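Hi,

Here is the model I promised to pass on. Have a look at it first, then read my notes below.

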Amino acid sequence: MDWGKVFFVFFSLMSLTFTLGFLYENNIIILFIATAINFIATTLRIGVKTSLSAELLASSLVADFHLIPAFIFLQIFGDIEIATSLVVGAVVANLFSVVLLCIGGAKSKEE
């Protein structure tokens, strides 16, 4: 078993689930955890060498660039509507990333 891939997929899924958790319960702590876990997932994706690595890194950066401003808008300005709309964008980016992970997993099983 490739433990590097396990951690990589683990943090990718955790990022998605915490981001969705914020949409269920609009809490600044959940948003902070989602942002931190997504940042860890982005860092782990830098070292990935697959056929879809550029797409995975790009989708993770998109999620980062949605979650960080969402946290700022919620913490500093208290604007839950803007924060929620930015988090929806991060969810879309994370879902795209999970789809890419599934495609990459299917490709590796074929080889």
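What follows is a tour of the helices, a surface patch and the aromatic pairs.

First, the housekeeping. This is a predicted model, so I kept to pLDDT of at least 70 for local features and pLDDT 80 or more for side-chain atom pairs, while totals for chains, interfaces and linings use all residues. Residues are numbered from 1 along each chain as its sequence is written, and side-chain values use heavy atoms, with hydrogens and water left out.

Helix H1

Helices here are DSSP runs (H or I, at least four residues), numbered from the N terminus. H1 covers residues 3-24. The expected span of a helix is 1.5 Å times one less than its number of residues. For the 22 residues of H1 that gives 32 Å, and the end C-alpha atoms sit 31 Å apart, which agrees.

Which residues of H1 are buried? Phe-8, Phe-11, Ser-12, Ser-15, Leu-16, Thr-19 and Phe-22 are. By buried I mean under 20% relative accessible area, by exposed over 50%, and by partly exposed anything in between (1.4 Å probe, protein chains only). Looking down the axis of H1, the buried residues fall within an arc of 130°, so they line one face of the helix. That arc is taken from the directions from the helix axis to the C-beta atoms. On the other side of H1, Trp-3 and Tyr-24 are exposed.

The nonpolar patch

Met-1, Trp-3, Val-6, Phe-7, Ile-40 and Leu-44 form a nonpolar patch on the surface, with about 640 Å² of accessible area together. Helix H1 and helix H2 (28-45) are the elements that give two or more residues to this patch, and H1 gives the most, with three. Phe-7, for one, is in H1 and is partly exposed at a relative accessible area of 47%.

For the cut-offs: patches are made of residues with over 30% relative accessible area and no salt bridge, joining like charges within 9 Å and nonpolar side chains (Val, Leu, Ile, Met, Phe, Trp, Tyr) within 5 Å. A salt bridge is a side-chain nitrogen of Lys or Arg within 4 Å of a carboxyl oxygen of Asp or Glu. The areas come from the Shrake-Rupley method with a 1.4 Å probe, and for residues only the protein chains shown count as cover.

Aromatic pairs

How many aromatic pairs does the structure hold? Three. Rings of Phe, Tyr and Trp (its six-membered ring) pair if their centres lie within 6.5 Å; planes under 30 degrees apart count as stacked, over 60 as edge-to-face and the rest as tilted.

One of the pairs is Phe-32 with Phe-71, tilted, at 5.7 Å centre to centre and 50° between the planes. Phe-32 lies in H2 and Phe-71 in helix H3 (residues 53-77), so this pair ties together parts that are 39 residues apart in sequence. Both rings are partly exposed: Phe-32 has a relative accessible area of 49%, and Phe-71 has 22%.

Another is Phe-73 with Phe-77, also tilted, with 5.4 Å centre to centre and 45° between the planes. Both of these residues lie in H3, four residues apart, about one turn of the helix. Phe-73 counts as partly exposed at 28% relative accessibility, whereas Phe-77 is exposed at 56%.

Helix H3 and its contacts

With 25 residues, H3 should span 36 Å, and its end C-alpha atoms are 35 Å apart, which agrees. Its buried residues are Ser-53, Leu-56, Ser-59, Ser-60, Ala-63, Asp-64, Leu-67, Ala-70 and Leu-74. Just after H3, Gly-78 takes a positive phi of about 70°.

A few C-alpha distances are handy for placing H3:

- Ile-68, in H3, is partly exposed at 38%. Its C-alpha is 8.7 Å from that of Phe-32, 36 residues apart along the chain.
- Glu-55, also in H3, is partly exposed at 35%. Glu-55 and Leu-100 are 7.9 Å apart in space and 45 residues apart in sequence.
- Gly-104 belongs to helix H4 (residues 80-110) and is partly exposed at 27%. Gly-104 and Ser-53 are 9.3 Å apart, with their positions 51 residues apart in sequence.

Over to you!
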